[in-house]
Amino acid sequence: MSAFRFLHSSDLHLGRAFGGYPDGIRHRLREARHGAIARLAQAARAGGAGVVLLAGDTFDAETPAPDTLRQALRAMGEEGDLTWVLLPGNHDSLAASELWRRIAQDAPANLRAITDDAPVELASGHWLLPAPCTQRRPGRDLTEAMAAPTPEGARRIGLGHGAITDFSGEEGATGIIPPDRAVRSGLDYLALGDWHGQMQVTPATWYSGTPEPDGFKHDAPGRALLVTLDGPAQVTPVETAHFRWMRPVLDLLPGEDVAARLAAALPNTRARDHLLRITVTGRLPLADRAALEAGLAARAPDFGWFAADLSALAVEALPEDLDQIDRAGALRQAAEVLLAEAGDAALSQADRDTAQAALARLYALTQEVRA
Amino acid sequence: MRLRSIELTNVRRFAGKRARLSGIGDGITVLSEPNEFGKSTFFDAIHAVFFERHGSRNAAIKALQPHAGGAPEVMVEVDLPEGRFRIAKRWISKPQAQVHDTTGRLIAQADEAEAWIDQLMGGGLAGPSGLLWVRQGLMGLEADDKKDRERDLTARRDLLSSVAGEIDLMTGGRRMDAVIDRVAEALARLATATGRPKAGGEWARAVDEAAALAAEEAALRPKAERLSGDLARRTEVTRTLSRLTDPADAATRAQALTDAQAAHQAALAHQAQVTQAETTLRLARLDADRLRQDIAAAETLAARVTAALAALAKADEAATTARARADDLGQRDRAATEAAEALAHQTRDLRTRVQAATRAEAAQAAKAQAEDLQRRLDRATGLQASLDQTRAQRARIAVTAKVLDAADKAQSALDLARARAEAQAVTIEARPDGAPAMLNGAALPDGPVPILTAADLTLPGFGTLRIDPGAGRSGEGIAQAEQALARLLAEAQAESLPAARHQWAEAQRLEVEAKQAAALLAEVAPEGLDALRSALARAMAAAADAPDTAEDVAALTAALAEADTAEQAARAAAKAAHDLAVEAGNTRAGAEANRTTAARQLADAQAEAGDEATLAARIAALKVREPALADAVTTTARALETLRAAAPDLATAEARLTRARGAVDQARAAEQKAREDLASLNATILALAEEGIEERLATIAGDRAEAEARAARYEAEVRALTRLKRALDEARTKARDAYFGPVLRELQPLLAILHPGAQLTIDDASLLPATLTRNGQPEALDILSGGTREQVAILTRLAFARLFATAGRPVPVILDDALVHSDDDRIEAMFDALHRTARDQQILVLTCRQRAFAALGGERAVVALEGI
């Protein structure tokens, strides 16, 4: 039997709204998700695969907007040399009957929508054992259906969606797919979806992850898996994402070169295609903190989206910092009161934070005035 | 520094002259001269010597020049800790500045002299002493000229810095102002004064945006949920329809209906057979029952005839017996009544006799009582007469214990008086050798004879010798005692004291006697004589009412009791006999009625039964039919039981039929409904799905969360800015308190002299008083009267002057025609304030108000003029 190669992907979440993001980046993010279809096709083609298995959550909603659905189907149809296999996930489960009715109505010839758990022959001697999600939360192990018989000697490829029992899924639901499903059901490869980060469960069981990340949770580039079945499964990750979501943590201490640390923590190329949420921890003197804030403000416009969280960065007011506010007198006294409040354990965290912010503001204002 | 003298040469109105002001003391020194004298010239000259360079030709210097021109010169003498110095300046022509000590040694000249003066003034023109000048008509605290204002302000800062530290350092100065301004600006952009989001600001915009998105989300969410629910329902309806339209299920439901209908028909037919059998049984039972009733009726009739015969015989017998008994009891009743009446007559007679005997007995007792009462009345009458007499005797005695006691005392006093008189009296003692002498016509006794009153001593052979011892005190005492005694004896109606005593003893006896007689009378007639007499009259009346009988009451009473008992017994017996007679009469009437009834019943029964033999034959014929009818009932009942045991349950058959029909109908209706629901759901889902609701909802929810987060960030920003502003305000207030404290401490006692209890606040920009609070009411200084502003201005300078003194740099205060707006009361108070300050402060007062300032006191400066 000849080798069989396919591209394993999942969680495209086409039509994801990205509410809360400014309009510009929001539209780019939505467009990038649609563009993932072409990038997957390119990756499949480049890897010599003729089949793309999408392990659920191709669509973000049960009833995506008509243009979202229509354009996705058209885009897949345009990649006519490939076969697209769509498995219902929890977001686009079979309960979303209207979606699957429309797909059945509008699907191109090279698209195969899986609406039941009957085995499907993908290629000669290669059988797909699908476990489509019947509901958003089916509450049972749908992959039991993968025990269905196939012709003797056939290669068995499982296609499922959901969390394995060792961890909680993308939406926090407790897993119900046994990690050893591939062994139990005699599968040569089990292609899973739901987890947006790429992850290997067993040598023959993989979560492909989303080809185009949609949040900061995984902090990894979007990828798909090129799988070759010729004996044990050979799995190769391939990068497919346009955007990179990063959440660097910068832990700073007094005496460090803040500018250098900040420069090292931020990407230097394609900043426009990066979404960045930087978290700064540790403690800094007032002057360094002011410099850090200025540095962050200066770099922010470089990125597609940028946010800095300094709530965990404590202020360490050195005597020379307070001297820069004033050596003595009312300004100095106000600064000392705020500094004491910022470290007063008897106060609530909110009050301490307020005092710290007020102190930082006082420092910045006195420097502006001095200037 | 203290000023000692000022000398002006060729200055303004002193053209061609030298004017020397001297006599300046350590405290207050007053130069009181009329207008146009040149006081302000002195003032300006002092100012020029300290604050104008000798090379200056500015307006102030030119103003010192006389109209005739020339070079004005000014020289002042000052005392410093190092000693006295003379500072002299000349302007315009051959300008010069020189400082000499008291020895005439030149200390410095020209620019060095200016430097020396600058050092003395603590910074030249910006020096603090500039504060202490009060020019004519000063009303405000600040100078009109901007340059002067700034100079004064700097001076005040310098002055206060020397007391409370660097002012800018303390209050933050302009940096603090700028920071506070920026914080306020940032706050004002976001929040209102009360900390709410400011309309049009970014915070308010974020809050409004979040609210609008939340509202939009809330409006959209039900739609999305409806779509989701409709999708789930459509799945369920599709599944239901598929089940309902399954052909095998439909055939099963139809067969079940057919079977149920057949079973129901069979049950109905069997039910009809059972009903028929029940009717047959009911008829057979009716026939048998009717026969039994006929037999029983005939037998009952025969029994009735027999019983009626026996009853009549019995009633006859009873009537006879009752009649005889009634007659007998009637006779007994009458006899008993007569006996009772006889006994009653006897009893009445006895009762009359008992009453007569009882009255006779009572009359006898009354007679004895009347006799006793008569005796007591006689005794009482005698006692009353004796008592009356004794009381009359007692009443006639006038002596009382009090009078007697007083008489005793009067007698004692008389005895004492006499004894004293006798002791002091002239005594004569005759030792006759011839005829005895006669005293007052009586023989002169032997031995010494006291002569208490005038007496005639007749001496034989001589005649009569009148001896008068005179009316001495003893004689008066005796007379008074005798008069007192005589008055008391007259009151007692006694001739002498012994007679009075005797009468008093008699009175005592009579009182005892009267007491005893009264006691006896009370015993004999306790209720008085009249009561005794009334009782006697009543007893005598009772004794007179006595019937004429001698029968014994007790015997008669006993006989009456017996007769009563006998009468009661006879009456009871008569009543019992009467009751028996009545009852016997009733029994006889009942027995006779019973007999009449029994006779009528017998006649009725015999009329109904007819002949006895015919009735017996009829009964026999009826009894022959009885067994056949009983067999018919038994047979029919058995047949019914058999049918019932074999009957199917009709209710079950009906329920099964209903259920089978219901299942068919329900399936049909459910199918119809499912088709309708499906059509409806398809339409709704199609419409909603076209809208892409979930994507819109996700977008809005995300935007809403972002707007909320943004609003929260602004809120935190406002919190931080608010906290910062408060910290800055508090720090500055604290610094001001430390900074202005010394000034206020100096100013407050001075202010209290004019306005007790008033408070001043100082503006930290001008470093001068800003508001005056009196009676809790703060008022801005610039709206107060000219007088009050003037007073506060001077007091403030005095306070600053005291600060200088405290800092070891005393400077003179010079007032040039100040206090022009103050009334008499206030001006007096201001004088007090000046004196209070002047204890350790030199104050030079220049005034044209000679009369008003006469009360200021202090030393008087003089100005000497000489030509040059």
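Okay, one definition before anything else: two strands pair if DSSP finds at least two bridges between them. Keep that in mind, and keep in mind too that what we're looking at is a predicted model.

So let's start with a pair in chain A. Strand S11, residues 223-229, and strand S12, residues 233-239, run antiparallel and are joined by seven bridges. If you want one bridge to look at, take A:Thr228, whose partner in S12(A) is A:Gln234. How many residues sit between S11(A) and S12(A)? Three, and the two strands form a hairpin. In that turn you'll find A:Gly231, with a positive phi of about 85 degrees.

While we're on phi angles, two other residues have a positive phi without being glycines. In chain A there's A:His13, with a phi of about 45 degrees. A:His13 is in the loop that runs between strand S1 (4-9) and helix H1 (23-47) of chain A. In chain B there's B:Glu36, at about 65 degrees, and that residue is in the loop between strand S3 (28-32) and H1 of chain B. Buried or exposed, then, for A:His13? A:His13 has 23 other C-beta atoms within 10 Å, so it is buried, given that the cut-off is 20 or more. B:Glu36 counts as exposed, because there are 9 C-beta neighbours inside 10 Å, and the limit for exposed is 12 or fewer.

Now let's move over to chain B. Chain B has 868 residues, and 25% of them count as buried. There are 19 helices and 21 strands in that chain. If you take the contacts in chain B between residues at least 6 apart in sequence, 76% of them join residues at least 24 apart.

A nice single example of that is B:Ile28, in strand S3 of chain B. B:Ile28 is 831 residues from B:Glu859 in sequence, but C-alpha to C-alpha they are 6.2 Å apart in space. B:Glu859 has company there: leaving out residues up to four places away in sequence, B:Ile28 also touches, among others, B:Leu834, B:His835, B:Ala838, B:Ile843 and B:Val845. And B:Ile28 is buried, with 22 other C-beta atoms within 10 Å.

Next, the sheet in chain B. This is an open sheet of seven strands with antiparallel pairing, and the order is S7-S6-S5-S4-S1-S2-S21. Which strands stand at the edges? Strand S7 (106-109) and strand S21 (862-867) of chain B do, each with a single partner strand, so one side of each has no neighbour in the sheet. From one strand to the next, the twist averages 15 degrees.

Zooming in on one pair of that sheet, strand S5 (residues 83-90) and strand S6 (residues 96-101) of chain B run antiparallel, with six bridges between them. Opposite B:Ala88 you'll see B:Gln98 in S6(B). Two helices are worth finding on this sheet. Helix H1 (residues 39-51) of chain B packs on it, touching strand S1 (2-11), strand S2 (14-22), strand S4 (73-80) and S5 of chain B, and the direction of the helix makes about 105 degrees with that of S1(B). Helix H3 (residues 110-121) of chain B packs on the sheet too, touching S5, S6 and S7 of chain B, at about 100 degrees to the direction of S7(B).

So where do the chains meet? Here 34 residues of chain A are in contact with 44 residues of chain B. On the chain A side, helix H2 (66-78), helix H3 (97-106), helix H8 (329-342) and helix H9 (349-370) each supply at least two residues. H9(A) gives the largest share, nine residues. By type, that side of chain A divides into 20 nonpolar, 10 polar and four charged residues.

Last stop, the nonpolar cores. The largest one has 142 residues, and the members that touch the most others are A:Val52, A:Val85, A:Ala334, A:Leu338, A:Leu359 and A:Leu362. Which helix gives the most to this core? That's helix H17 (residues 693-754) of chain B, with 15 residues. In chain A, domain 1 (4-239) and domain 2 (244-370) both give residues to this core, so it lies between them. Apart from it there's another core, of 70 residues, including B:Ile46, B:Val76, B:Leu760 and B:Val811.

Terms used: Residues numbered from 1 in each chain as written. Chains lettered and ligands numbered in written order. Predicted model: local features only at pLDDT ≥ 70, side-chain atom pairs only at ≥ 80, totals over all residues. Core = buried A, V, L, I, M, F, W, Y, C linked by C-beta atoms within 7 Å. Helix = DSSP H or I, 4+ residues; strand = E, 2+ residues; numbered from the N terminus. Domains from an automatic or database assignment. Contact = placed C-beta atoms within 7 Å. Nonpolar A, V, L, I, M, F, W, Y, C, P; charged D, E, K, R; others polar. Axes fitted to C-alpha atoms, helices over the stretch in contact; angles between N-to-C directions.
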